[in-house]
Amino acid sequence: MKWLKYVIGLVVVIALCTVVWFKLPTKIEVNQLEEKVSILEVQIGEHYINDISLLENVSEQLLNYNFNQPITDENNSMISKVSEDFRTITSNLLFIGSNASVHAELQYRVSNVRTYLIDYVYGASLTKEEVADLYQVLQAIRFIVKDFRDIVSYNPQSAYDAMHDEEHEMVERIKYRLSLKY
């Protein structure tokens, strides 16, 4: 029966070694994955900072355009390009077409503007209400961009958090800016 004690002891030692052997690499792998995620968040944050600057420029161009007038052959290519830029930039920032954004109200309002722009580029006249809404959202975007810069201070991790964290200050700031009349 003495040998049974040794066998049980050996089984326990093997079991403990197995647990340590499997758990240690897993912890190292988790740390490596967390580091990679952090690096990706910073890279994505850098893209957000860049896209915010592009959004500001494109919004200014659209605000300077008179959407009350019908589109002409002369301005069609310019407004088509600026509209396409707006669609691309907002897709990058807000994940238009998915539920990934924490800024649902901005996503909804930007989707409306994108629809107005598509309709306008393809020759449809916009109603006074649509033009007013388009300018309203573009004006709000100007201030949202300023708020974004003030809050994130060109910090990529903070930019990432502003776009993904439901508790971030930008969520309330965006709602506030969209609620104002410009």
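Read along the sequence, the chain follows the pattern α-α-α-α-α-α. The predicted model thus has six helices and zero strands. Of its 182 residues, 36% count as buried. Contacts between residues at least 6 apart in sequence were examined for their span, and 70% of them join residues at least 24 apart. The exposed surface of the chain amounts to about 11,400 Å². Carbon and sulfur atoms supply 58% of that surface.

Confidence varies along the chain. The average pLDDT is 88, and 84% of the residues score at least 70. Helix α1, residues 2-63, has the lowest confidence, with a mean of 80. Helix α4 has the highest, at 96. Where pLDDT is low, the predicted coordinates should not be read in detail.

Two helices were compared with their expected lengths. Helix α4 covers residues 128-152, 25 residues in total. From its first C-alpha to its last, α4 reaches 36 Å, close to the 36 Å expected at 1.5 Å a residue. Helix α3 has 18 residues, which should span 26 Å at the same rise of 1.5 Å a residue. The end C-alpha atoms of α3 are 26 Å apart, in agreement with that value.

The largest nonpolar core contains 43 residues. Within this core, the residues with the most contacts are Leu 62, Phe 67, Phe 86, Leu 134 and Phe 148. Two or more residues come from each of α1, α2 (73-94), α3, α4, α5 and α6. Helix α4 gives the largest share, twelve residues. In soluble globular proteins, nonpolar side chains tend to be buried together.

Phe 148 was followed further. Neighbours within four places in sequence were left aside. Among the remaining contacts of Phe 148 are Tyr 48, Ile 49 and Ile 52. Phe 148 also touches Ser 153, Ala 159, Ala 162, Met 163 and Met 170. Of these partners, Met 170 is itself one of the buried residues of helix α6.

Helix α6 spans residues 169-179, and its buried residues are Met 170, Val 171, Ile 174, Arg 177 and Leu 178. These residues lie on the same side of α6, because they cover an arc of only 135° around the axis. An α-helix has 3.6 residues a turn, so residues three or four places apart point the same way. The buried residues of α6 pack against α3 (104-121), α4 and α5 (156-164).

Helix α3 has its own set of buried residues. Among them are Leu 106, Val 110, Val 113, Leu 117 and Val 121. The set also includes Gln 107, Arg 109 and Arg 114, together with Tyr 116 and Tyr 120. Just after α3, Gly 123 takes a positive phi of about 100°.

Positive phi values also occur after α4. Ser 153 follows this helix, with a phi near 50°. This is a positive value in a residue other than glycine. Ser 153 sits in the loop between α4 and α5. Tyr 154 is placed in the loop between α4 and α5 as well. Its phi is positive, about 60°, although Tyr 154 is not a glycine. Tyr 154 counts as exposed, because its relative accessibility is 54% and the cut-off for exposure is over 50%.

Definitions and conventions. Residues are numbered from 1 along each chain as its sequence is written. Side-chain values use heavy atoms; hydrogens and water are left out. Helices (H or I, at least four residues) and strands (E, at least two) are DSSP runs, numbered from the N terminus. Buried means under 20% relative accessible area, exposed over 50%, partly exposed in between (1.4 Å probe, protein chains only). Contact means heavy atoms within 4.5 Å. Accessible areas come from the Shrake-Rupley method with a 1.4 Å probe; for residues, only the protein chains shown count as cover. The expected span of a helix is 1.5 Å times one less than its number of residues. pLDDT is the predictor's confidence in each residue, from 0 to 100. The arc is that of the directions from the helix axis to the C-beta atoms. A nonpolar core is a set of buried Ala, Val, Leu, Ile, Met, Phe, Trp, Tyr and Cys residues joined through side-chain atoms within 4.5 Å.
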